[in-house]
Amino acid sequence: MKTFCGRANPTTGSMEWFEEDEDYDYHQEIARSRYADMLHDKDRNVKYYQGIRAAVSRVKERGEKAIVLDIGTGTGLLSMMAASAGADFCYAVEVFKPMANAAVKIVEKNGFSDKIKVINKHSTEVTVGPDGDMQCRANILVTELFDTELIGEGALPTYEHAHKHLVQEGCEAVPHRATVYVQLVESKRMWSWNKLFPVRIEAEDGEKIIVSPSEMENCPGVPSVCDIQLNQMPSSDFTILSDVVTMFSVDFSKPVRSASTYYRVQLAPIKSGKAQIVLSWWDIDMDPSGKINCTMAPYWVKPTSALQWRDHWMQCVYFLPNEEPVFQGENMYLTAYRDEYSVWYKLQKAREENKADVHVESPVCRCQAHLLWNRPRFGELNDQNRTCQYIKSLTKVLKMDSVCLCISDGSLLPVLAHYLGAKQVFTLENSAVSCSVMGKFLKANHLEDKIKILEARPELLTSSLLEDKKISVLLGEPFFTTSLLPWHNLYFWYARTAVTRHLASDVTVLPQSASLHVMIVEFQDLWKIRSPCGTCEGFDVQTMDDMIKNSLNFRESKEAEPHPLWEYPCKSLSDPQEVLIFDFRRTVPQHCLSAEGSLNLLRKGKSHGAVLWMEYHLTADISISTGLMQISNDKGNCEWNPHCKQAVYFFSSVIESETLTDLPSAVTYAINFNTKTGEITMDFKLL
């Protein structure tokens, strides 16, 4: 059986489907999984173990046999905890076949085969009875089905089904309950991820302002939660408007309902301001008394406790449908609506509360901009400093008779070029969505007859579409929605090559070139997602380490992966180094571009991996970085561009061992850009 996988093709700027071996999907999922991250979460593991021991004791004290159902067992860890705590039998359910196979081996290796049965099914397909998967219903329900939003992985329908069909009434549940907390804040930075602010341009004939279409102003955005490492958000980037409030809780030992519902709380703001954002997180009590508690609370809420780093559970940012002015002490009602898988919020003044519509639909983007641009892209478009660099460079290259062509997905560059004096501006849009969004922008700014939108692929661009004009200035940010890794935006170079015949002989290309940069780093925590566990709470999980390593070797370990490094602190061990240059003034060459060299390690530390990013040279003296902004102190702490994901290549030594006796003094690299595929391959060796 073959499997088809979607992958961005940097030479065409589109998602393409590739036929892969059926193992590919498994390997991809295992290699990219967060199993290692969860097993490194000491706080989670210790508290689950304490909760399981307590639940088994309570059942035994009642004189009953302890029969455990563990849904989503993964490595079998929680079942092994239950068995070693004295449970009589455990049913460990795991739907993902490779993981279920690994769990069988791990359970056997740890000597629990007689106490634990691994069932490779979705829990809703598990049968109970003499001939069933389970002999009888369980009286202890153990699960770890939670994501950052708590319910996004289908915890509610799974619990609902389990209570109806798989566990006894009044069963013990670990965790016993989950509680969701919220806090109202004002944050220009976070709000800039959801709305486009007016863009100001100083032109020769006075200040111009680019405004958003009204339907974008009033659009609630997309329903998916914005989950981030809130502990990396400095307190100067938001203003707290309310105390932390309990929004709702779910008791897992009783029947759970997954049907859509809502919860309402009264808030008295502690400060006046503009309510824009609901910050949210949850905690879980492993026992009924609430003494064994595992919390996702951010640093300002629990300043005394040592924060446990975790990447599988973070915190949530929810955007209110509109900015609401709030006044200190004036009561407001905050309503949380939820369906089976997601949560959204609405804020109302107390006097409006009776009119509240309790059947508010999940937010759906109506303006299409939220479908075209993701949240970091909104942040990038709202970055006034970045816009100023483009304005400065456009001012240098534009002339009275400039005919411009812009190639990017939904860029504001065509509008900037028009306001800064270009004679004529065309924008080449790759998709119906970007055409539509740009059309609305032009209309809102009364520019429909000033800028011409062309919906065509670069290779199909005709002279007649360009009104038989030659392009004197070719523009790009470059930004393309299909790009995952920094160099995927080199699609601009392929597009530039495809439109060559329409360019004037003395064409100006902006950016004129790009360069790939690399630096060796030590991560504070991110290395854990690729580091083996060996043993976890005394159980041998080496089988899972081997499985992940095998899947990484299948393909992934030779590839970099995208991460937003502003959320993941690291320090530089080497200076940043430019390794490849891509000259957009010329067409894409037929031959591959490659570079070899070495990076000297200037600071002591663990070389966890290499970070790679692009810099775009708009003109000879104006550049924009998608990666490193600066190294902020002697310790080498890095500041990263917050609007872009950087490429991280983890060294296999991290995966194999955290204890290198001799620290390397340098790292050699070999990097190859395949101009036929648009992909970059790399190899690093620690010396």
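Q: How many disulfides does this predicted model have, and how do you know?
A: The count is 0. To qualify, two cysteine sulfur atoms have to lie within 2.5 Å of each other, and by that rule no pair makes it in this predicted model.

Q: What makes Cys 404 a non-bonded cysteine?
A: Look at its closest cysteine sulfur, in Cys 406: that one is 8.9 Å away. The cut-off is within 2.5 Å, so the two sulfurs are too far apart for a bond.

Q: How do you know whether Cys 644 is in a disulfide?
A: The nearest cysteine sulfur belongs to Cys 570 and is 15 Å away. Set that against the limit of 2.5 Å, and Cys 644 is in no disulfide.

Q: Why are Cys 404 and Cys 644 called buried or exposed?
A: Buried means under 20% relative accessible area. Cys 404 comes in at 0%, so it counts as buried. Cys 644 has 14%, so it counts as buried too.

Q: What makes helix 14 mostly covered?
A: Helix 14 runs over residues 491–498, and 6 of its 8 residues are buried. Those are Tyr 491, Phe 492, Trp 493, Tyr 494, Ala 495 and Arg 496. They pack against several strands, including strand 20 (403–407), strand 23 (471–475) and strand 37 (666–674).

Q: Why is Asp 37 called buried or exposed?
A: Asp 37 has 2% relative accessibility, and the limit for buried is under 20%, so Asp 37 counts as buried. This residue lies in helix 2 (residues 35–39). Leaving out residues up to four places away in sequence, Asp 37 touches Trp 309, Arg 310, Asp 311, His 312, Lys 528 and Ile 529.

Q: Why does Trp 527 count as buried or exposed?
A: Its relative accessible area is 15%. With the line drawn at under 20%, Trp 527 goes down as buried. You'll find Trp 527 in the loop between strand 25 (513–523) and strand 26 (535–536). Its C-alpha is 8.4 Å from that of Gly 609, a residue 82 positions away along the chain.

Q: What is notable about phi in Leu 150, and is the residue buried or exposed?
A: Phi of Leu 150 is near 80 degrees, a positive value in a residue that isn't glycine. Leu 150 has a relative accessible area of 2%, so it is buried. It is found in the loop between strand 6 (138–143) and helix 6 (155–165).

Q: Why is Gln 368 called partly exposed?
A: Buried needs under 20% and exposed needs over 50%. Gln 368 has 23%, so it is partly exposed. Gln 368 also has a positive phi, about 75 degrees, although it is not a glycine. Its place is the loop between strand 19 (343–349) and helix 9 (369–372).

Q: What makes the peptide bonds into Pro 175 and Pro 511 cis?
A: From Val 174 to Pro 175, omega is near 0 degrees, and the bond is cis. From Leu 510 to Pro 511, omega is near 5 degrees, and that bond is cis as well. Pro 175 sits in the loop between strand 7 (167–174) and strand 8 (177–186), while Pro 511 is in the loop between strand 24 and strand 25.

Q: How do you know whether the radius of gyration agrees with a compact globule?
A: For 687 residues, a compact globule would have a radius of gyration near 26 Å, and the protein chain has 28 Å, which agrees. Buried residues make up 57% of the 687.

Note on methods. Residues numbered from 1 in each chain as written. Predicted model: local features only at pLDDT ≥ 70, side-chain atom pairs only at ≥ 80, totals over all residues. Heavy atoms only, no water. Rg over C-alpha atoms; globule rule 2.2 N^0.38 Å. Buried < 20%, exposed > 50% of the residue type's maximum accessible area, 1.4 Å probe, protein only. Helix = DSSP H or I, 4+ residues; strand = E, 2+ residues; numbered from the N terminus. Contact = heavy atoms within 4.5 Å.
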